[in-house]
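The following exercises concern a protein structure and are each accompanied by a worked solution. Please examine the sequence and the coordinates before reading on.

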Number of protein chains: 2
Amino acid sequence: MSGVTIYQVAEAAGVSPSTVSNLLNGRPGRMLPQTRKRVEEAISQLGYRPNRAARQLRTGRIQVIGLVVPSVANPFWGTFARHLEHAALAEGYHVLLCNSERDPARERRYIEELWSDGIRGIVLCSSLPSLEHVMPLVHQGLSLVAFDRTAQAGDPPSLVNISVDNVIGAQLATRHLLELGHERIAFVSGSVRSVNRRERYRGFTDALTDAGLDPQQAIVWSGASEEPYGDLDVAGLGRTAVRDLLAGDRRPTAIVAINDMCALGISAGIRDAGLEVGRDISVVGFDDIVLADLASPALTTVRQPLADMAAEAFSQLRERLTGEAAVGHSMLVRPELIVRASTGPAR
Amino acid sequence: MSGVTIYQVAEAAGVSPSTVSNLLNGRPGRMLPQTRKRVEEAISQLGYRPNRAARQLRTGRIQVIGLVVPSVANPFWGTFARHLEHAALAEGYHVLLCNSERDPARERRYIEELWSDGIRGIVLCSSLPSLEHVMPLVHQGLSLVAFDRTAQAGDPPSLVNISVDNVIGAQLATRHLLELGHERIAFVSGSVRSVNRRERYRGFTDALTDAGLDPQQAIVWSGASEEPYGDLDVAGLGRTAVRDLLAGDRRPTAIVAINDMCALGISAGIRDAGLEVGRDISVVGFDDIVLADLASPALTTVRQPLADMAAEAFSQLRERLTGEAAVGHSMLVRPELIVRASTGPAR
DNA sequence: TAGGTTAAGTGCACCGTTGCACCAGTAAAT
DNA sequence: ATTTACTGGTGCAACGGTGCACTTAACCTA
């Protein structure tokens with residue numbers, strides 16, 4: 001199929017396959033400049049490209065990392081995937097993308113398949129409290145970087161976590177609303193029991209407590225059912241949430257959303273009810289996806305520096321894969337509140 | 001590293017590696033049921049998973065297809081990637097994702113790397129008029145499905161094109177505006193010379209002509225420079241376009257956007273200028289991404305049935321790869337106009 | 001001039017699977 | 001009793017590249 005092999009190159013250049021291999025694998029000093037030139041010419045003339053499967057079989061190495069995200073249909077993950085690919089490509093790595101739909105069984109299956117593909121490094125965007133389901137492979141030697149999930153008690157030391165500080169992020173969001181005079185503030189998320197949600201919820205209640213409010217009185221909406229929601233539906237979820245909240249007896253004047261897609265859904269739900277976002281009800285998102293700035297009204301949100309975090313995730317993974325560093329350092333990024341038009345003073 | 005090989009399974013089951021291989025490769029009739037059972041038990045007990053690199057090296061086959069999109073940061077492509085992965089996974093295929101940023105050189109480089117990875121099937125979302133830069137590999141045996149690009153004169157018969165009918169789509173969009181009484185209608189796109197743009201532009205002018213308007217008088221904005229724009233910036237582009245258009249002497253009362261992200265940018269630009277979308281200026285998008293319905297006002301747009309198209313793309317590719325069908329059939333899907341709130345009567 | 005060192009390049013076993021070609025044993029057909 | 005056919009396996013070379021261990025020849029050095 002592919003055709004050209006190292007033998008053909010060797011023959012064309014009048015050397016042995018070993019010499020070609022030496023040139024290809026960073027041992028060019030082992031031959032005369034003129035030999036080297038002959039080999040290089042043969043390579044380009046024949047359009048030779050090493051067969052990766054053969055190389056991988058022999059060396060056990062492969063320049064591919066896995067990326068497991070909930071769903072690239074969510075622009076947050078799409079953007080992250082693009083940044084990660086960018087970082088990886090710069091070092092000659094490819095990225096194999098998997099959409100877990102936030103299903104631990106799929107996560108596990110994917111990771112096992114990646115393992116048997118020979119992939120030894122994975123960025124897992126899971127946010128599940130326990131990573132037990134993938135630990136067996138980690139103990140077999142899989143390098144794992146958990147993204148969007150902070151370090152948890154019981155995590156093995158080899159696990160690197162890269163995440164924004166969710167508690168602080170949610171505090172920033174909630175405080176901003178409190179400062180605007182809101183007191184009936186709702187927290188809206190899906191029903192998934194993620195580290196993420198727990199931490200953002202804590203930041204939310206912390207801020208209420210600091211302001212002298214009773215977090216027990218906080219309005220919390222977290223999905224109609226116990227079923228996990230894919231990231232695709234998270235916007236629809238927000239829309240539903242608003243319907244429920246407005247039908248209740250304690251209607252919030254402001255809403256903290258688990259993320260921007262949810263916030264956009266919430267905004268749509270508010271408009272569905274004939275109310276105005278930022279005036280009748282304030283909304284804060286989380287992530288600062290590109291669309292946050294494009295929405296109407298533009299979304300106040302908590303920014304995650306995605307490009308930097310993606311670069312860091314890849315570099316941590318690479319260091320582990322090449323053996324440069326056996327144990328990495330988790331990263332907890334301080335988020336930033338971006339105030340736009342979806343929040344306004346309480347009326 | 002990975003550990004378990006077919007030899008260990010064979011030894012545990014008391015058979016030869018060939019027998020294990022026979023079982024794994026659909027030749028279970030070649031052994032007694034009890035032998036088969038022993039092998040199966042050994043496999044599950046040892047947690048054996050075939051080494052794909054070895055298998056690929058031996059057979060030349062690999063269950064991975066490539067997907068080249070402009071950028072998964074754009075929700076349209078993210079959603080498409082997710083649908084394609086879904087279809088592929090159902091048949092045991094993985095998807096290797098690449099972001100071309102609409103750069104032909106990157107496209108080419110990616111496709112060559114995929115080829116040397118042993119990948120023989122690629123879904124290319126390119127929309128460039130000429131696919132010359134990848135033709136050498138197609139002639140070497142690469143199966144290519146071009147998505148979001150209609151068949152062009154000069155395309156080889158082996159090339160499958162799957163696309164929505166852009167001319168009809170743009171006609172639907174434009175006619176809708178004409179029916180609302182608009183006459184000063186602008187067409188906004190990036191500067192990329194894509195098949196897409198050309199066809200949508202033609203649908204746009206066709207509709208104007210049909211309505212007795214002079215397409216020469218149409219307002220066309222297609223980027224400030226000749227540089228290609230990545231899909232990331234397409235929204236920002238729309239925003240810029242509005243600034244330019246409103247500064248001109250013929251201000252449009254309605255705008256046909258090249259796609260939804262662009263339309264969302266345009267909507268933001270209209271608001272920047274203190275005008276109201278759907279009342280002062282109407283906007284029509286293209287694609288019907290999830291966010292079109294969430295936007296405020298919700299975006300009138302031309303829907304592409306992405307899930308079906310992704311399934312078709314994969315199935316065409318698979319047929320080519322397995323040799324079921326040597327030559328596929330291109331698909332031209334009829335799009336549908338979804339009227340929402342971003343369009344209203346001309347004032 | 002023997003002994004040592006270096007430069008330039010080659011030989012070969014091995015990575016894990018696959019599937020064709022082969023084989024031993026039994027049963028039915030001649 | 002020999003041939004033929006079938007069943008239930010096994011043996012082995014090959015896929016393409018890698019890199020250690022080795023050779024050969026030239027050049028130093030005491």
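**Exercise 1. Determine how many salt bridges are counted between chain B and chain A, and characterise the side of chain B that touches chain A.**

Solution.

Step 1. The structure is a predicted model. Between chain B and chain A, the count is 6 salt bridges. One of the salt bridges in the model pairs A:Glu101 with B:Arg82, whose closest N and O atoms are 2.7 Å apart.

Step 2. Polar contacts are counted next: 21 residue pairs, both members at pLDDT 80 or more, are in polar contact between chain B and chain A.

Step 3. The elements of chain B that each supply at least two residues to the side touching chain A are helix 4 (52-59), helix 5 (75-90), strand 2 (94-99), helix 6 (104-116), helix 10 (234-247), helix 11 (260-272) and helix 12 (290-294). By residue class, this side of chain B comprises 25 nonpolar, 12 polar and 14 charged residues.

Step 4. In terms of contacts, 51 residues of chain B meet 51 residues of chain A. The area buried between the two chains is about 4800 Å², with 55% given by carbon and sulfur atoms.

**Exercise 2. Identify which residues of the largest nonpolar core touch the most other members.**

Solution.

Step 1. The largest nonpolar core has 144 residues, and A:Leu67 and B:Leu67 touch the most other members.

Step 2. Leaving aside residues up to four places away in sequence, B:Leu67 touches B:Phe80, B:Ala81, B:Leu84, B:Val95, B:Leu96, B:Leu97, B:Cys98, B:Val123 and B:Cys125.

Step 3. There is also a second, separate core of 42 residues, which includes A:Leu114, B:Tyr110, B:Ile111 and B:Ile119. As background, nonpolar side chains tend to be buried together in soluble globular proteins.

**Exercise 3. Decide whether A:Gln152 is buried or exposed, and describe its surroundings.**

Solution.

Step 1. A:Gln152 belongs to the loop between strand 4 (143-147) and strand 5 (160-164) of chain A.

Step 2. Its relative accessibility is 17%, so A:Gln152 counts as buried, the cut-off being under 20%.

Step 3. The side chain of A:Gln152 makes a polar contact of 2.8 Å with the side chain of A:Arg198. Apart from residues up to four places away in sequence, A:Gln152 touches A:Pro129, A:Val195, A:Arg198 and A:Glu199.

**Exercise 4. Describe the two ends of helix 4 of chain B.**

Solution.

Step 1. At the N-terminal end, B:Asn51 acts as the cap: a side-chain oxygen lies 2.8 Å from the backbone nitrogen of B:Ala53.

Step 2. After the helix comes B:Gly60, with a positive phi near 80 degrees.

**Exercise 5. Locate the cis peptide bonds at A:Pro297 and B:Pro297, and examine the positive phi values of A:Arg102 and A:Asp287.**

Solution.

Step 1. The reference expectation is that most peptide bonds are trans and that most residues other than glycine have a negative phi.

Step 2. In chain A, the bond from A:Ser296 to A:Pro297 is cis, with omega near -5 degrees, and A:Pro297 lies in the loop between helix 12 (290-294) and strand 10 (301-303). In chain B, a cis bond joins B:Ser296 and B:Pro297, with omega about -5 degrees; B:Pro297 lies in the loop between helix 12 and strand 10 (301-303) of that chain.

Step 3. A:Arg102 has a positive phi near 60 degrees and is placed in the loop between strand 2 (94-99) and helix 6 (104-116) of chain A. With 16% relative accessibility, A:Arg102 counts as buried.

Step 4. For A:Asp287, phi is positive and near 125 degrees. This residue lies in the loop between strand 9 (282-284) and helix 12 of chain A and is buried, at 6% relative accessible area.

**Exercise 6. State how many salt bridges are counted over all chains, and analyse the pair A:Asp293 and A:Arg340.**

Solution.

Step 1. Over all chains, the count comes to 38 salt bridges.

Step 2. A:Asp293 and A:Arg340 form a salt bridge whose closest N and O atoms are 3.2 Å apart. The pair links distant parts of the chain, 47 residues apart: A:Asp293 is in helix 12, and A:Arg340 is in the segment after strand 12 (336-338) of chain A.

Step 3. A:Asp293 is partly exposed at 32% relative accessibility, whereas A:Arg340 is buried at 18%.

Step 4. A further pair, B:Glu324 and B:Arg318, meets in a salt bridge of 2.7 Å from N to O. Here B:Glu324 is exposed, at 54% relative accessible area, and B:Arg318 is buried, at 16%.

Step 5. Finally, a network of salt bridges links A:Arg239, A:Asp272, B:Asp288, B:Asp293, B:Arg303 and B:Arg340.

Definitions and conventions. Residues numbered from 1 in each chain as written. Chains lettered and ligands numbered in written order. Predicted model: local features only at pLDDT ≥ 70, side-chain atom pairs only at ≥ 80, totals over all residues. Heavy atoms only, no water. Contact = heavy atoms within 4.5 Å. Buried area = accessible area lost by both parts, 1.4 Å probe. Salt bridge = Lys/Arg side-chain N within 4 Å of Asp/Glu carboxyl O. Polar contact = N/O pair within 3.5 Å; in protein donor to acceptor, adjacent residues only side chain to side chain. Helix = DSSP H or I, 4+ residues; strand = E, 2+ residues; numbered from the N terminus. Nonpolar A, V, L, I, M, F, W, Y, C, P; charged D, E, K, R; others polar. Core = buried A, V, L, I, M, F, W, Y, C linked by side-chain atoms within 4.5 Å. Buried < 20%, exposed > 50% of the residue type's maximum accessible area, 1.4 Å probe, protein only.
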